[in-house]
Amino acid sequence: MRTPVLDLKALQSFVAIVESGSFTAAAKQMNYSQSAISMQLQRLEESLGVALLARTSRQLKPTRAGRKALGYA
């Protein structure tokens, strides 16, 4: 099994999303658009083959796989 090659900016965006609690705040922090942050997270989830965030109407929480990825990030 091959280890996926991960994009450093996507990992940084993921950490910013978790730390700030929102895509919008992460985008401001990273100086990107909100849509760019969303696309980076989507590509990261696709490359890992797992969902990294559990999205509810009020908050974002890392999934079990997301918490594990945070440890590596």
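**Note on the predicted model**

1. N31 is exposed, with a relative accessible area of 70%. This residue lies in the loop between α2 and α3. Its phi is near 65°. That is a positive value in a residue other than glycine. The model is predicted, so please read every point below with that in mind.

2. Next, helix α2 on the N-terminal side of that loop. Its buried residues are F23, A26, A27 and M30. Seen down the axis of α2, these residues fall within an arc of 100°, so they line one face of the helix. An α-helix has 3.6 residues a turn, so residues three or four places apart point the same way. K28 and Q29 sit on the other side of α2, and both are exposed.

3. What covers the buried face of α2? The cover includes two helices, α1 and α3. It also includes the strands β1 (53-55) and β2 (60-62).

4. The largest nonpolar core has 15 residues. F14, I17, I37 and L41 have the most contacts inside it. Three elements give two or more residues to this core: α1 (8-20), α2 (23-30) and α3 (34-48). The top contributor is α1, with 5 residues. In soluble globular proteins, nonpolar side chains tend to be buried together.

5. I17 deserves a look of its own. Residues up to four places away in sequence are not counted here. I17 touches S22, F23 and A26. It also touches I37 and L41, which are named with I17 among the core residues with the most contacts. L53 and L60 complete the list for I17. F23 and A26 are also among the buried residues of α2.

6. Is Q40 buried or exposed? Q40 lies in helix α3. It is buried, with a relative accessible area of 8%, and the cut-off for buried is under 20%. Its contacts, not counting residues up to four places away in sequence, are K9, A10, S13 and Y32.

7. A54 is found in strand β1. It is partly exposed, with a relative accessible area of 33%. Leaving aside neighbours within four places in sequence, A54 is in contact with Q59, L60, K61 and T63. L60 is also touched by I17. The C-alpha atoms of A54 and R64 are separated by 9.5 Å, and the two residues are 10 apart along the chain.

8. V5 is found in the segment before α1. It is exposed, with a relative accessible area of 77%. V5 and T56 are 51 residues apart along the chain, and their C-alpha atoms are separated by 29 Å.

9. Now the largest pocket. About 240 Å³ of space lies in it. Which residues line this pocket? They are T3, P4, L6, L11, L48, V50, L52, A65, K68, A69, Y72 and A73. By class, the lining has 10 nonpolar, 1 polar and 1 charged residues.

10. Which element gives the most to that lining? The answer is helix α4 (residues 64-72), with 4 residues. Rolling a probe the size of a water molecule over the atoms shows where empty space is left.

Notes:
Residues are numbered from 1 along each chain as its sequence is written. This is a predicted model: local features need pLDDT of at least 70, side-chain atom pairs count only at pLDDT 80 or more; totals for chains, interfaces and linings use all residues. Side-chain values use heavy atoms; hydrogens and water are left out. On a 1 Å grid over the protein atoms alone, a cavity is a set of points where a 1.4 Å probe fits but cannot get out, and a pocket is an open set with protein on both sides within 12 Å along at least five of seven lines; lining residues have an atom within 4 Å of a point. Grid points are joined across faces, edges and corners, and a volume is the space filled by probe spheres set on the points. Ala, Val, Leu, Ile, Met, Phe, Trp, Tyr, Cys and Pro count as nonpolar, Asp, Glu, Lys and Arg as charged, and the others, Gly among them, as polar. A nonpolar core is a set of buried Ala, Val, Leu, Ile, Met, Phe, Trp, Tyr and Cys residues joined through side-chain atoms within 4.5 Å. Buried means under 20% relative accessible area, exposed over 50%, partly exposed in between (1.4 Å probe, protein chains only). Contact means heavy atoms within 4.5 Å. The arc is that of the directions from the helix axis to the C-beta atoms.
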